[in-house]
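Let's take a slow walk through one protein model, picking out a few residues and what they touch. Have the picture open while you read.

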Amino acid sequence: MNADPDVREHLGDLLTREQSDASVAQFQAEFDQRGYGWWAVQLQATGEFIGFAGLDQVDDGMPFTGVEIGWRLVRSAWGQGYATEAALAGLAFGFEKLELPEILAVTTATNLRSRAVMRRIGTTRDPADDFDDPTAPEGPLRPNVLYRIARGLRA
């Protein structure tokens, strides 16, 4: 999945198997430490792994703080409602179990598919919150949009 140019289009460079495995190990360590993070997304009927979704702390250096919801799916799983379903489960966990007051969603300005999921799950965007990702190189990955949803406003 992390070596697929379509999946990585709005994320940056492709990852080697070793880099991908290291990121999964980091995800697991952070999950163990915090009690939340990224969950594997599987097809219920077959158990096939199709990606991951969940909650994560906003990275240091961003112009805002909080907990962010996200998802990444294999290309063959796009357009079938899995990202929306997983994101709604993440919102429910964040609001009901973690009692977060707000959950954020961030993507590149050009990532129209993820932005559509963000709208479907009830997050809203104030263009004044848009920002340039300080970790991204100059180019299409730098302009980002920020969506928010407060507890009690869930779709």
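## A walk through the model

Thr-84 is buried, because its relative accessible area is just 12%. Buried here means under 20% relative accessible area, exposed means over 50%, and partly exposed is in between (1.4 Å probe, protein chains only). Keep in mind that this is a predicted model: local features need pLDDT of at least 70, side-chain atom pairs count only at pLDDT 80 or more, and totals for chains, interfaces and linings use all residues. Residues are numbered from 1 along each chain as its sequence is written, and side-chain values use heavy atoms, with hydrogens and water left out.

**Thr-84 and helix α4**

Where does Thr-84 sit? You'll find Thr-84 in helix α3. Helices (H or I, at least four residues) and strands (E, at least two) are DSSP runs, numbered from the N terminus. Leaving out residues up to four places away in sequence, Thr-84 touches Val-117, Arg-120 and Ile-121. A contact like that means heavy atoms within 4.5 Å.

Val-117 is also one of the buried residues of helix α4 (residues 112-120), alongside Ser-114, Arg-115, Ala-116 and Met-118. What do the buried residues of α4 pack against? Their partners are β3, α3, β4, β5 and β7.

Leu-112 belongs to helix α4 too, but Leu-112 counts as exposed because its relative accessibility is 59%. Compare its place with that of Ala-25: the two are 87 residues apart along the chain, and their C-alpha atoms are separated by 29 Å. Just after α4 comes Gly-122, with a positive phi of about 100°.

Glu-99 has a positive phi as well, about 55°, although Glu-99 is not a glycine. Look for Glu-99 in the loop between α3 and β4 (102-108). With a relative accessibility of 57%, Glu-99 counts as exposed.

**Trp-38 and Phe-31**

Now move over to Trp-38, in strand β1 (residues 38-42). Is Trp-38 buried or exposed? Trp-38 is buried, since its relative accessible area is 18%. Its contacts, not counting residues up to four places away in sequence, include Phe-27, Phe-31, Phe-52, Leu-55 and Trp-71. Trp-38 and Asp-59 are 21 residues apart along the chain, with 14 Å between their C-alpha atoms.

Phe-31, in helix α2 (residues 17-34), is partly exposed at 23% relative accessibility. Leaving aside neighbours within four places in sequence, Phe-31 is in contact with Tyr-36, Gly-37, Trp-38 and Trp-39. Phe-31 and Thr-46 are 15 residues apart along the chain, yet their C-alpha atoms are separated by 25 Å.

**Charges that pair up**

How many salt bridges are there? The count comes to 5. A salt bridge is a side-chain nitrogen of Lys or Arg within 4 Å of a carboxyl oxygen of Asp or Glu. Here are some of them:

| Pair | N to O distance |
|---|---|
| Arg-125 and Asp-130 | 2.4 Å |
| Arg-148 and Asp-129 | 3.2 Å |
| Glu-138 and Arg-142 | 2.9 Å |

Take Arg-148 and Asp-129, whose closest N and O atoms are 3.2 Å apart. Arg-148 lies in strand β7 (residues 143-150) and Asp-129 in the loop between β5 (124-125) and β6 (131-132), so this pair ties together parts that are 19 residues apart in sequence. Arg-148 is partly exposed at 26% relative accessibility, and Asp-129 is partly exposed at 25%. Glu-102 joins in as well: Glu-102, Asp-129 and Arg-148 are linked in a network of salt bridges.

Arg-125 is partly exposed, with a relative accessible area of 34%, and its partner Asp-130 is partly exposed at 26%. Glu-138 counts as exposed, because its relative accessibility is 66%.

**Charges that gather**

Which residues gather in a patch of positive charge on the surface? They are Arg-75, Arg-113, Arg-119 and Arg-120. A patch is made of residues with over 30% relative accessible area and no salt bridge, with like charges joined within 9 Å and nonpolar side chains (Val, Leu, Ile, Met, Phe, Trp, Tyr) within 5 Å. Arg-75 sits in the loop between β3 (67-73) and α3 (82-97), and at 38% relative accessibility Arg-75 is partly exposed.

Technical notes
Accessible areas come from the Shrake-Rupley method with a 1.4 Å probe; for residues, only the protein chains shown count as cover. Lys and Arg count as positive and Asp and Glu as negative; His and the chain ends are not counted. The place of a charge is taken as NZ of Lys, CZ of Arg, CG of Asp or CD of Glu.
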